[in-house]
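Hello,

I am handing over the structure that we talked about, and I would be glad if you could read the notes beneath it with the model open beside you.

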Amino acid sequence: MLEYIGLGLALIHFGTPLSYYVYMKKKYFGKPWDMKREEGFKPKITVIVPTYNEAKLIEKKLDDIYAQEYPRDRLEVILIDSASSDGTLEIAEKWKEEHGEINLKIIEEDSRRGKAHSLNEALKHSTGEVVVITDADSFCGTRDSLRRAAEWFSDPSVGAVSCLKDPEGSEAPSIELGYRGYYNVLRVAESKAYSTPIFHGELASFRKDLLEEAEGFPVDIGSDDSHTATKIAAMGYRAIMPEDVLCKELVPKRGYNSWKIRRAQHLVQHFMKAMKLKVKAPKNFDRILKVEEYLHLVNPWILLGGAVLLSASAIMGSLISLIFLALGIALLMYKPYRTWISMQLYLVIAAIKNLWSREIVWEKQEK
Ligand code: GDD
Ligand code: MN
């Protein structure tokens, strides 16, 4: 009996995301966008770069923004630093002196209270119609990433736009690359269906008045980008990740697992909080949100339950359980499966870790 419950759980665990993926890909991924995008639309943009100990990367980051093809008089950059101890501010100040033609404001916080807290502070100083948040350790995929992201806002139904990301260069562990294919297809498909509840801090842009309506970025959870986008989608605006807005992120060379666990902790916090949102958006989005909540909060535990039952019954002599367990382990040779299983483990560990530490102010991983 135990083995059948175990197998049933495994079937649910793998079957749900697989069916969701196949369904979303078939129904939405290849579909044209159902909104009007005006080429040449150039709203005033405020780019906010939050920094904490980014001395190694900040110059390259500012150069990357500088290289963006966007009219200088429509662009404002705000760097907000939370008491870095590695000289980030000095490098930024020096860069500012050498690049007088770009409008860069530097704000200095006297203590570190987390990324979202400083984003809210920077928001008070921003004058753009569109606010773009971008992490210091990420770079635009193309020189027109900003312009492309901004153009989507020409449609009044669009409230937020993020980027697809590829891990930078060959330094990325293959596990990270495997994860992105499945993941990017889903983000685009959800966006075309209505909105995606997952955003990327590498480039997350928002209509400023909606950010204000949403009361800024949440400071009680880590996933400020995804949660704010989801809130805006719930308010009835589109939060999308189009195929043509690309970013690169640096993947840590060391501490990869703790990095993934921390990010999983933030995603779990986001989806727990999202369950309490009042969704005014079309039914479509309600369904997407429910599926993603299920996939992040429940599905990993179903796998764990299935594995425990199969192991227990295998120990008690069930041949079927033994065969399926062996199959499950042998499949680890296959990269996409291995990537999937590790993500499930990260999510389980994350949910447990959230019980005592929420990682709102986190330790930096060396990139
Ligand atoms: N001002 C300020 N204050 N900036 C901070 C702080 C802080 O306390 N902590 C981190 N940052 C900055 C970093 O310097 C970087 O520019 C950005 O916030 C993201 O921090 P990372 O340390 O690179 O985090 P990550 O890439 O692992 O985090 C990703 O996931 C988070 C959610 O889990 C990013 O996508 C984040 O944007 C996202 O919030
Ligand atoms: Mn980062």
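The notes below deal with the ligands and their surroundings.

This is a predicted model, in which local features need pLDDT of at least 70 and side-chain atom pairs count only at pLDDT 80 or more, while totals for chains, interfaces and linings use all residues. Residues are numbered from 1 along each chain as its sequence is written, chains are lettered from A and ligands numbered from 1 in the order in which they are written, and side-chain values use heavy atoms, leaving out hydrogens and water.

Around ligand 1 there are 23 residues (each with a heavy atom within 4 Å of it), and those that come nearest are Pro-50, Glu-54, Ser-82, Lys-115 and His-266. By type, this shell divides into 6 nonpolar residues (Ala, Val, Leu, Ile, Met, Phe, Trp, Tyr, Cys and Pro), 10 charged ones (Asp, Glu, Lys and Arg) and 7 polar ones (the others, Gly among them). Helix 9 (helices are DSSP runs of H or I with at least four residues, strands runs of E with at least two) gives the most to the shell, with 4 residues.

Oxygen atoms of ligand 1 also lie beside particular side chains: a polar atom of Lys-115 is 2.3 Å from one, and a polar atom of Trp-362 is 2.8 Å from one. For Asp-137, an N or O atom of the side chain is likewise 2.8 Å from an oxygen atom of ligand 1.

Asp-137 also coordinates the manganese ion, ligand 2, through OD atoms at 2.1 to 2.8 Å (donors are N, O and S atoms within 2.8 Å of the metal, or 3.2 Å for Na, K and Ca; water is not among the atoms, so sites may look incomplete). This residue is placed in the loop between strand 4 (130-133) and strand 5 (138-140).

Best wishes

Note on methods:
A polar contact is a pair of N or O atoms within 3.5 Å; within protein, one must be able to donate a hydrogen and the other to accept it, and residues adjacent in sequence count only if both atoms are side-chain atoms.
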